[in-house]
Amino acid sequence: EPMMGPPHFPEIEIPSWEAFCADYIDTFFDDSRPGKGRSYVIEVAGAAAGHISYSQLNRHEGWAELDIWMASPEWCGKGYGADALVALSDQLHRTFGLTELIVRPSRRNIRALRSYERAGFVPVTSDTAVQLARYGPNEYPDTIVLHRRYSPSA
């Protein structure tokens with residue numbers, strides 16, 4: 001099931017290599033600015049099964065946005081994505097004291113929604129205007145914001 005482009009996402013073009021590089025600058029891969037965002041390969045038995053990253057790290061408000069995709073359908077439905085989401089969420093909570101991690105998929109991405117749910121993400125209950133003011137513009141016309149929350153550290 002494609003994450004972008006027709007037939008399910010005709011309004012989203014599959015990004016070019018140049019667009020990918022513009023979104024994921026060098027510091028996402030070299031750990032030189034972890035407070036700005038970071039990208040990781042999801043490995044399974046030494047194979048690259050997918051990608052997970054965080055961005056929009058807002059230490060003042062205690063949240064960051066996660067993004068994840070699997071390399072191909074063969075890696076989907078096995079729990080690898082949910083495991084990676086939990087691992088990165090826990091790491092960001094420990095490292096930066098974040099109390100909220102968000103994901104913003106399309107409601108049409110049923111497979112991703114199931115993975116997020118397994119990882120402990122639940123829909124944000126604030127209205128759309130509050131969500132847009134806090135997290136910024138959505139990528140899809142049917143975006144749903146889900147979050148995983150932690151109690152603040154004492």
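**View 1. Strand 1 and strand 2 pair in the antiparallel sense.** This predicted model opens with a pairing that runs over 7 bridges. Look for V44, whose bridge partner in strand 2 is A47. The hairpin formed by strand 1 and strand 2 has 2 residues between the strands. In that hairpin, A45 takes a positive phi near 50°, a handy angle to check in your own viewer.

**View 2. Strand 2 also runs antiparallel to strand 3.** Here, 7 bridges join strand 2 to strand 3. One pair to pick out is S53 with its bridge partner in strand 3, D67. The hairpin of strand 2 and strand 3 has 4 residues between the strands, and G62 in this hairpin takes a positive phi near 80°.

**View 3. The largest nonpolar core holds 28 residues.** The members that touch the most others are L66, L85, L92, L101, Y116 and F121. At least two residues of this core come from each of strand 1 (38-44), strand 2 (47-58), strand 3 (63-70), helix 3 (80-96), strand 4 (100-103) and helix 4 (110-118). Helix 3 gives the largest share, 6 residues.

**View 4. Zoom in on L92 and its contacts.** Leaving aside residues up to four places away in sequence, L92 touches Y54, L66, G97, L98 and L101. Two of these names may look familiar from the previous view: L66 and L101 are, like L92, among the core residues that touch the most other members.

**View 5. A second core is separate from the one above.** This core has 5 residues, including W63, V124, Y135 and V145.

Methods. Residues are numbered from 1 along each chain as its sequence is written. This is a predicted model: local features need pLDDT of at least 70, side-chain atom pairs count only at pLDDT 80 or more; totals for chains, interfaces and linings use all residues. Side-chain values use heavy atoms; hydrogens and water are left out. A nonpolar core is a set of buried Ala, Val, Leu, Ile, Met, Phe, Trp, Tyr and Cys residues joined through side-chain atoms within 4.5 Å. Buried means under 20% relative accessible area, exposed over 50%, partly exposed in between (1.4 Å probe, protein chains only). Contact means heavy atoms within 4.5 Å. Two strands pair if DSSP finds at least two bridges between them.
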